[in-house]
Structures are given as structure tokens and as C-alpha cells.
Amino acid sequence: MTRIALFSDIHANFEAFSACEQHALQEKAELFAFLGDHVGYGPDPERILDRLIKYRDEGHIVLLGNHDEACLTGPQQMSHHARDAILWTIPRLQNYHFEFISSLSFTYELPPLLLTHASAHEPEGWHYLNNEEEIKLSFKEAEQPIVIAGHVHHQMLYFEDGEKNIQSFIPTPGQVIPLSTRRRWAATIGSLGQPRDGNSASQYALFDNEQNTLTFHRVPYDIDRTIYKIYHRGLPPTLAERLSKGQ
């Protein structure tokens with residue numbers, strides 16, 4: 001195993017998934033890790049879950065996200081956009097989809113990586129890994145030197161400097177970044193299915209576990225097809241508008 005494709009926040013966007021899957025295979029990815037929020041917002045929850053079931057059966061990694069959990073427990077504490085999408089999603093799933101979601105874990109250790117949907121600190125609490133306090137808590141909790149997460153829908157890389165301060169920067173797509181395991185690192189790999197940085201191109205990352213390098217990617221996809229399906233399958237039109245604007 002050399003290259004690990006890191007996908008998060010697919011949000012039932014099949015066109016984005018297919019484009020990133022093809023891109024990752026062209027980049028010679030050998031293992032796929034799906035970091036949660038496979039459903040919600042998008043128009044193809046059944047299709048995405050069926051693909052992920054197949055991936056897990058083949059030995060790949062699939063974790064739980066808060067939107068996935070909401071399909072089991074209900075969307076009580078979500079925004080109205082997220083709640084409406086989950087309420088639209090639940091009746092479309094089959095029993096085996098719910099059983100699959102129920103079987104997913106919050107975290108997975110793949111040295112030197114700790115994979116999680118949100119923070120390594122109380123992963124079941126769905127804390128956003130986007131501030132210094134949470135990153136330090138995540139570093140304290142994780143036994144691995146590199147924490148990889150999704151959840152925030154932005155691509156960002158953080159590290160702990162020699163004085164234990166947290167530094168951060170926005171990565172350049174396609175740039176290979178060496179991650180020395182003598183430091184602590186945290187990365188949010190962005191959202192494959194619903195980026196929120198003003199750019200509608202899909203987001204994912206590749207980790208090379210022989211060279212200890214991380215490369216962030218942006219991948220264009222047939223967004224018009226996804227938007228068409230959002231409108232015609234009865235999801236709230238606002239979800240299509242947000243997708244088109246990268247919000």
C-alpha cells in the first residue's frame with residue numbers, strides 16, 4: 001500500500017464522487033478512506049451507500065459522519081437545510097443501508113494517521129477541527145502524529161511548531177506536502193460533495209504512506225447534472241443554489 005485516497009463529506013453527490021474516484025485511480029490510489037457524511041444535501045444517497053458498501057467489502061475504510069448518524073437518530077439539532085435533506089433521505093434508504101450505517105465507527109488508526117470525521121477529541125461530539133483549542137485537544141487525544149478529518153468543508157493544514165503553537169495554511173491543490181512525523185499535524189481535507197470556499201470544484205486529498213506526503217486536490221465535475229437532480233427529485237432548491245456557488 002502506498003497511496004491513500006481521502007474522501008469526506010460526499011453528501012450524496014454521485015457526479016462529484018465519480019469524478020474524484022476516477023482522479024484518485026489515475027493518481028494510483030490503492031486504498032480509499034471515506035471519512036463520513038456520505039449522505040445529506042445531495043440527490044443520490046442510495047447510490048453512494050451502495051458504492052461504499054462495496055468498497056468496505058473489498059477492505060477499504062468507511063467511517064461515520066453526523067449526517068449519517070442523523071439517518072438513525074433523527075436530525076433534531078441540525079440546521080433546517082440539513083434537517084430537510086435528512087428527512088428527504090431517510091425514506092429512500094433500505095434496511096441494509098441502515099445496518100451499514102449502524103456498523104460504522106467514529107475513528108480509524110492507520111499509522112501514522114488517525115482518521116476521523118470531526119475531531120479526534122470526543123469524535124462522537126462532532127466538534128469542528130478548525131480552531132487552535134480543538135486542534136490541541138485533538139493532538140492530546142490522538143496517539144498518531146497526523147490527524148485527518150473532514151466536517152468543515154474547507155481544505156486546511158495545521159501543525160504544531162517548536163514552541164507548541166498552532167500554525168495553519170491553506171494548501172495549494174496539487175502541491176506535494178511532506179509531513180515530518182517529528183511534528184504533529186492536522187488536516188481537514190474538505191468536502192467532496194459540497195465545498196464551501198466559493199469554489200464548486202470537488203475536494204479530496206491523497207496521502208503517500210511511504211513518503212509521508214499529503215497532496216490536496218480540486219476536481220471539476222458535472223455539477224449541472226447534480227443540480228438538475230436536486231430540483232427534479234424534490235430536494236429544497238436552496239441546496240442546488242448553494243452547490244453552484246460553493247457555499
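The following paragraphs describe the cores, two helices, one buried strand residue and the open and enclosed spaces of a predicted model.

The largest nonpolar core comprises 45 residues, and among these Phe7, Phe17, Phe32, Phe34 and Leu52 touch the most other members. A second core, separate from it and made up of 23 residues, includes Leu110, Ala187, Ala205 and Phe216. The surroundings of Phe7 illustrate the packing in the larger set: when residues up to four places away in sequence are set aside, Phe7 touches Phe17, Cys20, Glu21, Ala24, Phe32, Ala33, Phe34, Leu35, Ile189, Leu192 and Tyr204.

Several of these partners belong to helix H1, among them Phe17, Cys20, Glu21 and Ala24, which are buried together with Phe14, Glu15 and Ala16 of that helix. The buried residues of H1 are covered by elements that include strand S1 (3–7), strand S2 (31–34), helix H2 (45–57), strand S11 (202–208), strand S12 (213–219) and H7. An α-helix has 3.6 residues a turn, so residues three or four places apart point the same way. The length of H1, which runs over residues 14–26, agrees with expectation, because its 13 residues at 1.5 Å a residue should span 18 Å and its end C-alpha atoms are 18 Å apart.

Ile189, another partner of Phe7, is found in strand S10, which covers residues 185–189. With a relative accessibility of 0%, Ile189 counts as buried, since the limit for a buried residue is under 20%. Beyond its neighbours within four places in sequence, Ile189 is in contact with Leu6, Phe7, Ser8, Leu35, Ile148, Ala149, His154, Gln155, Gln203, Tyr204, Ala205 and Phe216. By contrast with these contacts, a separation of 16 Å lies between the C-alpha atoms of Ile189 and Ser138, which are 51 residues apart along the chain.

Attention turns next to the pockets. The largest pocket has a volume of about 340 Å³, and of the 21 residues that line it, Asn66, His67, Gln77, Met78 and Trp126 are the closest to its centre. Helix H3 (residues 66–73) supplies the largest share of this lining, with five residues, and by class the lining is made up of seven nonpolar, 10 polar and four charged residues. Within H3, the buried residues are Asn66, His67, Asp68, Ala70 and Cys71, and these pack against helix H4 (80–89) and helix H5 (95–102). Gly74, which comes just after H3, adopts a positive phi of about 95 degrees.

The second largest pocket has a volume of about 160 Å³ and is lined by 13 residues, with His154, Gln155, Met156, Ile170 and Asp197 lying nearest its centre. Two of these, His154 and Gln155, are also contacts of Ile189. Strand S7 (residues 155–160) gives the most to the lining of this pocket, namely three residues, and the lining holds seven nonpolar, four polar and two charged residues.

Finally, the structure holds one cavity of 30 Å³ or more, and the largest cavity has a volume of about 50 Å³. Its lining is formed by His11, Asn13, Tyr41, Gly42, Pro43, Gly193, Gln194, Thr226, Ile230, Leu239 and Leu243. Helix H7 (223–232) and helix H8 (237–245) are the elements that give two or more residues to this lining. No charged residues occur in the lining of the largest cavity, which has five nonpolar and six polar residues.

Definitions and conventions. Residues are numbered from 1 along each chain as its sequence is written. This is a predicted model: local features need pLDDT of at least 70, side-chain atom pairs count only at pLDDT 80 or more; totals for chains, interfaces and linings use all residues. Side-chain values use heavy atoms; hydrogens and water are left out. On a 1 Å grid over the protein atoms alone, a cavity is a set of points where a 1.4 Å probe fits but cannot get out, and a pocket is an open set with protein on both sides within 12 Å along at least five of seven lines; lining residues have an atom within 4 Å of a point. Grid points are joined across faces, edges and corners, and a volume is the space filled by probe spheres set on the points. Helices (H or I, at least four residues) and strands (E, at least two) are DSSP runs, numbered from the N terminus. Ala, Val, Leu, Ile, Met, Phe, Trp, Tyr, Cys and Pro count as nonpolar, Asp, Glu, Lys and Arg as charged, and the others, Gly among them, as polar. A nonpolar core is a set of buried Ala, Val, Leu, Ile, Met, Phe, Trp, Tyr and Cys residues joined through side-chain atoms within 4.5 Å. Buried means under 20% relative accessible area, exposed over 50%, partly exposed in between (1.4 Å probe, protein chains only). Contact means heavy atoms within 4.5 Å. The expected span of a helix is 1.5 Å times one less than its number of residues.
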